[in-house]
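I opened a notebook page for this model. I wanted the sheet, the helices around it and a few odd residues on record.

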Amino acid sequence: MSENADIYRIKTDDNREIVLIGTAHISQASKELVRKTIEEEKPDTVCVELDEGRLKSIQEPDRWKNTDLKQVIKKKQLATLIANLVLGSYQKRMGAQTGVKPGSELKEAVDVAEAAGHQLVLADRDIKITLKRTWACTPWYRKLSLLGGLFGSIFDKTEISEEDLAKIKEQDALNAMMQEFGKTFPEVKQVLIDERDQYLASKIKSAPSQKIVAVVGAGHAKGITSIISENRELPSEESITVIPKGAPIWKIIGWMIPVAIIASIIFVGYEAGVEKAGQLSLQWAMLTGGGAMLGTIIAGGHPLTILVALVAAPFTGLTPLIGVGFFTALTQVYMRPPRVSEMETLTDDIWQVKRWWKNRVTRVILCFLCPGIPAIIGKILAILKIYEAM
């Protein structure tokens, strides 16, 4: 390690030198350190803790404003967009308090490297994969708590002091909020920190040059240094980039429930008559559809969106493949397409609950989230009605 505590010097087995800079993503000092180090070290290659998507978002900060919400919903990526918005808005708010845009030191590394003609390596894993693996690796019984903590950050108005900034420097910008969940959610730390330490170390170590400067969040610096210095065996890239599939038992259960519901209604019809089966079917439709409709009304959905919730929920309640929120969000975005101005203020509006029903983007998100829980409650009540009739 050099005289600067934020710089780590590593000699590899094949006599190459890696200069690792641990940065705070909202620190002016880190930005200046990155430029100074690259200019003084004159490396062959500069590695940065970015993937292609995050690089584009840093270089073209307004690009996301042209996001086609219709395509996002159709590709079933709205949940990923929501997580990105919350995390991105959190970083933006921290940056506003410190006067530095999040990721400025990474952009500085890219700019200096390109200006000097150094080879640039994007060393981080795709953020979408990281988020999906985080969700997939979290046990089902703790996912609600994870979501609660994520959205709880929306109501956190704590100001960032210089002392807080020093603490943030020990964390990665992507998981500044999530790191607090480490003790309760070890799988979150595993995906956001440990796996990315391994991924980053692999990319940095395999960079094609004799001298490398790598710019990473300070929370990753020690882990990467240990991995490379100790020449640890790294997992295959595929093993930490694939999205884990759920256990087959859950898919079986997911289909067994609707099959059991339909079979039960048929059985009641056989025992008590078609009229009774019709009553149960109508109760199913009204309870599930009514619940989804209530949630959509709370979300401030368009009248057609409310009608779609009423019609779609009884059918989506019989399949584990898709939820009613897919149809309500898609209908809402067609009936009330967001204005450009609302996309521009989205990262600010998401932190103000009173603005959620005024911004058309957040209203689409509400139409995605709100119908689900009332529909599930209605589903449980309908199943109890069927059980009583048997």
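**Entry 1: pairing.** I fixed the rule before reading any strands: two strands pair if DSSP finds at least two bridges between them. I also noted that this is a predicted model. With the rule set, I looked up β2 and β5: they pair in the parallel sense over 7 bridges. I picked out one residue pair there, Thr 23 with its bridge partner Gly 217 in β5.

**Entry 2: the sheet.** In what order do the 5 strands of the open sheet lie? I read the order as β1-β2-β5-β3-β4, with mixed pairing. The edges are β1 (7-11) and β4 (119-122), and each of them pairs on one side only. On average, neighbouring strands are turned by 20 degrees against each other, direction ignored.

I reminded myself of the background: strands of a sheet pair through backbone hydrogen bonds, either parallel or antiparallel.

**Entry 3: β3 and its partners.** I followed β3 (residues 45-48) to both sides. Towards β4 I found 4 bridges, and the two strands run parallel. Val 46 has Leu 120 of β4 as its bridge partner. Towards β5 there are 4 bridges as well, and this pairing is parallel. Val 48 stands opposite Val 215 in β5.

**Entry 4: how enclosed is β5?** I checked burial, with buried meaning under 20% relative accessible area. In β5, 6 of the 7 residues are buried, so the strand is largely enclosed by the rest of the structure.

**Entry 5: the helix on the sheet.** I looked for what packs on the sheet and noted helix α10 (residues 218-229). This helix touches β1, β2 (17-23) and β5 (211-217). The direction of α10 makes about 140 degrees with that of β5.

**Entry 6: helix α9.** I tested the length of α9 (residues 186-205). At 1.5 Å a residue, its 20 residues should span 28 Å, and the end C-alpha atoms are 27 Å apart, which agrees. I then looked for a bend and found one of about 30 degrees at Arg 196. Arg 196 is itself on the list of buried residues of α9. That list also holds charged side chains, including Glu 187, Glu 195 and Asp 197. Among the others on it are Val 188, Val 191, Leu 192, Ile 193, Tyr 199 and Leu 200.

For reading such a list I kept one rule in mind: an α-helix has 3.6 residues a turn, so residues three or four places apart point the same way.

**Entry 7: aromatic rings.** I counted 2 aromatic pairs. One of them joins Phe 326 and Phe 327. Is it stacked or edge-to-face? It is edge-to-face, at 5.2 Å centre to centre with 90 degrees between the planes. I compared burial too. Phe 326 is buried at 16% relative accessible area, while Phe 327 counts as partly exposed at 29%.

**Entry 8: positive phi.** Most residues other than glycine have a negative phi. I logged two asparagines that have a positive one. Asn 15 has phi near 65 degrees. It sits in the loop between β1 and β2 and is exposed, with 56% relative accessible area. Asn 231 has phi near 50 degrees. Its place is the loop between α10 and α11 (248-272). At 39% relative accessibility, Asn 231 counts as partly exposed.

Technical notes. Residues are numbered from 1 along each chain as its sequence is written. This is a predicted model: local features need pLDDT of at least 70, side-chain atom pairs count only at pLDDT 80 or more; totals for chains, interfaces and linings use all residues. Side-chain values use heavy atoms; hydrogens and water are left out. Axes are lines fitted to C-alpha atoms, for helices over the stretch in contact, and angles run from 0 to 180 degrees between N-to-C directions. Contact means heavy atoms within 4.5 Å. The expected span of a helix is 1.5 Å times one less than its number of residues. The bend at a residue is the angle between axes fitted to the seven residues ending there and the seven starting there. Buried means under 20% relative accessible area, exposed over 50%, partly exposed in between (1.4 Å probe, protein chains only). Rings of Phe, Tyr and Trp (its six-membered ring) pair if their centres lie within 6.5 Å; planes under 30 degrees apart count as stacked, over 60 as edge-to-face and the rest as tilted.
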